[in-house]
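Work through the exercises below with the sequence and the structure open beside you. Try each task before you read its solution.

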Amino acid sequence: MRRVHTAVDPAVEVRGLSRHFGTRTALRDVSISVSRGEIHSLLGPNGAGKTTLLRILAGLTRPSAGTAHVLGLDILHQTAVVRGLVGVIPPGDRTFYQRLSGLENLIFFGRLYGLGFRDAMRRARETLEAVGLTGQEHLMIGKYSQGMQKRLAIARALLTDPAVFLIDEATHNLDPEGARLVRELIRNAADRGAGVVWATQRVEEIRGFADTVTLLHRGEVRFTGTTAQLVSLASPTSFLLRIRNGGMAPELMTAQLRAALGGLGVIAPDAGADGEHYVMTVANGSTLGAAIGAISRADLQVLSCHETRPEIEQAFVELTEESPS
Amino acid sequence: MMDVAQVRSAFLPEMRKLSAFLRRDALIAWSYRRGAVSDVVGMLVQALMFYFLSSLVDPARMPQLGGTRAGYMGFVVVGLTVAAFYQIGVTRMMGAVQNERLVGTFETLLVTPTAYATLQLGFVIYDILRIPVRTGIFLVLATTLFGVQVHWAGMAQVAVIVLALLPFVWGVAAVLTAAVVAFRQVASLVGLANFVLVLASGTYFPLHLLPPWLAKTAAINPLAMALNGARAALLGGTGWAAILPQTAVVFAMSIATWIVGTFAFHFALERERHTGTLGLY
């Protein structure tokens, strides 16, 4: 019996999904669940299995084992229905007809999604405006930059205001402003109730954007939870401090800093050893504020403080590190 | 089981998508509009070549059509007309899939809620409408410039024959496209098979010139049957009664070929989904 999706079904539900290509395993026993209105990031380095998972959800590849449902619909047996409910943003740059304008491309794809000509034209113009391509709509795709084509791909996915977005490296090739615009558009879609699966290998992209994260490595789930939970897994973070030196010898400065910190953290000159830069790790149970306060109270001036590696990136690296054999 | 309303609700939106393909290909063709001129010039050069060759052919060896013996020029002009319909129809679907794959739009089409049959027809719908126009231009030019005598009243019969042949063209195109989808670099092999089929159709010479065993085999080629019917109608001026039985056989064979082609295309795509290599070229 064919199942009709209901408002209570999760946007995406994957259970025990595996995919093998010959002897190579692209995905092993992967399970994720994405609610409506949620942005779920698939994070992982190259070859982690992110694209394979998205291709399975888009109905382009069959899984070797496991189940996948989109809005409660089985993607294996109700593929055509699922395709009508999903907006896909592929990773490639060339997914349009080069001899057609941006507007004509959108009209064509809009009609394949079932829109009438007038509706396709109207939605094409609206989404072109949303992605900032108004004024460029009559230009042939062959004359679009890679970034413009990526924005057009976003516009295409927005055409039918789908209930689920499958997005693969959406901000690749985009300048920072373009990337911010894309994230904003997707966030707005999520706020309207769409479930989003956002695959990326760029850790910094998901902070403050993704609600939940699944970290894939070599086809296996290494972590799944909220972004905050991922950050909390990171080891104590190091900070690069710039201290006003005043001509003091680095050894003497290091000794004064260590004395000021006491048990609040560990500090050592940075590899550059210019006498001004020091790497500090805050001890468990202490805080960055307490450590800097202690240094300031010792009449040492902290000119700047940066994370040497953001916590989220630290967690990514630790979770994808190979175990020593 | 689907009722009529369900079939209609599934069928009509799919049919409407064909106009999207039509518009897309018309716009792309317009962007290459100088190519249309070279196409007409190419047809005329081909006809000119056969015009000179026709002076070498002994008219006594040409077949009788409706009580009159056809000249070689008329014979080959009608042959080229129908064969072009077949060749363009077949190569267009195959070429479209190869091209879509190459430029990266093939998977983008496949993630839309579009039926495989709609995609197949969508790839060729522009040519299905373009080829009759091209054929008409060719016939008019051939009759005007080279003095070919044509019974224009036979055009209605030719239209019916071509319609009967349409599922055959679609079916062969789908089988060959399935081969390209599954095995990729087989275009030259597919081209060879296609060439043999056209050669054994009597496009360029009467089939009775072939060795008897090959002539008998070629006679059951739907393309050869369609050519015979078209020649009888246009050159011999025969009536409906003479062409309908053969057209019915062509139609039956066409439907069988179309079913095979549709399944082959479906299985080729499913195989690619299974292997995970759909977008590779």
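**Exercise 1.** Determine how many helices and strands chain B has, and decide how its radius of gyration stands beside the value that the globule rule gives.

*Solution.* Begin by counting the elements in this predicted model: chain B has 10 helices and two strands. Next, place them in order along the sequence, where the pattern reads α-α-β-β-α-α-α-α-α-α-α-α. Then turn to the overall dimensions: the radius of gyration of chain B is 20 Å, which is close to the 19 Å that the globule rule gives for 281 residues, so chain B is as compact as a globular protein of that length. Finally, along its principal axes the C-alpha trace of chain B spans about 60 × 45 × 35 Å.

**Exercise 2.** Find how chain A is divided into domains, and state how far apart their C-alpha centres lie.

*Solution.* First read the bounds, which come from a domain assignment: domain 1 of chain A covers 12-232, and domain 2 covers 238-308. The C-alpha centres of these two domains of chain A lie 44 Å apart.

**Exercise 3.** Describe the extent of the interface between chain A and chain B, and name the residues of chain A that lose the most area there.

*Solution.* Start with the residues in contact, of which chain A has 30 and chain B likewise has 30. The size of an interface is often given as the accessible area lost when the parts come together. For chain A and chain B the buried area is about 2,800 Å², and carbon and sulfur atoms give 57% of it. On the side of chain A, the residues that lose the most area to chain B are Leu60(A), Arg99(A) and Leu112(A), which together account for 24% of what that side buries.

**Exercise 4.** Identify the polar links across the interface, and work out which elements and classes of residue make up the side of chain A.

*Solution.* As a first step, count the links: the rule finds three salt bridges across the interface, as well as 13 residue pairs in polar contact. As a second step, list the elements of chain A that give two or more residues to the side touching chain B, namely β1 (12-21), α2 (79-85) and α3 (102-112); α3(A) gives the most, with five residues. By class, this side of chain A has 15 nonpolar, six polar and nine charged residues.

As a last step, examine one salt bridge, in which the closest N and O atoms of Arg23(B) and Glu104(A) are 2.5 Å apart, within the 4 Å cut-off. This pair crosses between chains, from helix α1 (residues 4-31) of chain B to helix α3 of chain A.

Conventions. Residues are numbered from 1 along each chain as its sequence is written. Chains are lettered from A and ligands numbered from 1 in the order in which they are written. This is a predicted model: local features need pLDDT of at least 70, side-chain atom pairs count only at pLDDT 80 or more; totals for chains, interfaces and linings use all residues. Side-chain values use heavy atoms; hydrogens and water are left out. Contact means heavy atoms within 4.5 Å. Buried area is the accessible area (1.4 Å probe) that two parts lose on being put together, summed over both. A salt bridge is a side-chain nitrogen of Lys or Arg within 4 Å of a carboxyl oxygen of Asp or Glu. A polar contact is a pair of N or O atoms within 3.5 Å; within protein, one must be able to donate a hydrogen and the other to accept it, and residues adjacent in sequence count only if both atoms are side-chain atoms. Helices (H or I, at least four residues) and strands (E, at least two) are DSSP runs, numbered from the N terminus. Ala, Val, Leu, Ile, Met, Phe, Trp, Tyr, Cys and Pro count as nonpolar, Asp, Glu, Lys and Arg as charged, and the others, Gly among them, as polar. The radius of gyration is taken over C-alpha atoms; the globule rule is 2.2 Å times the number of residues to the power 0.38.
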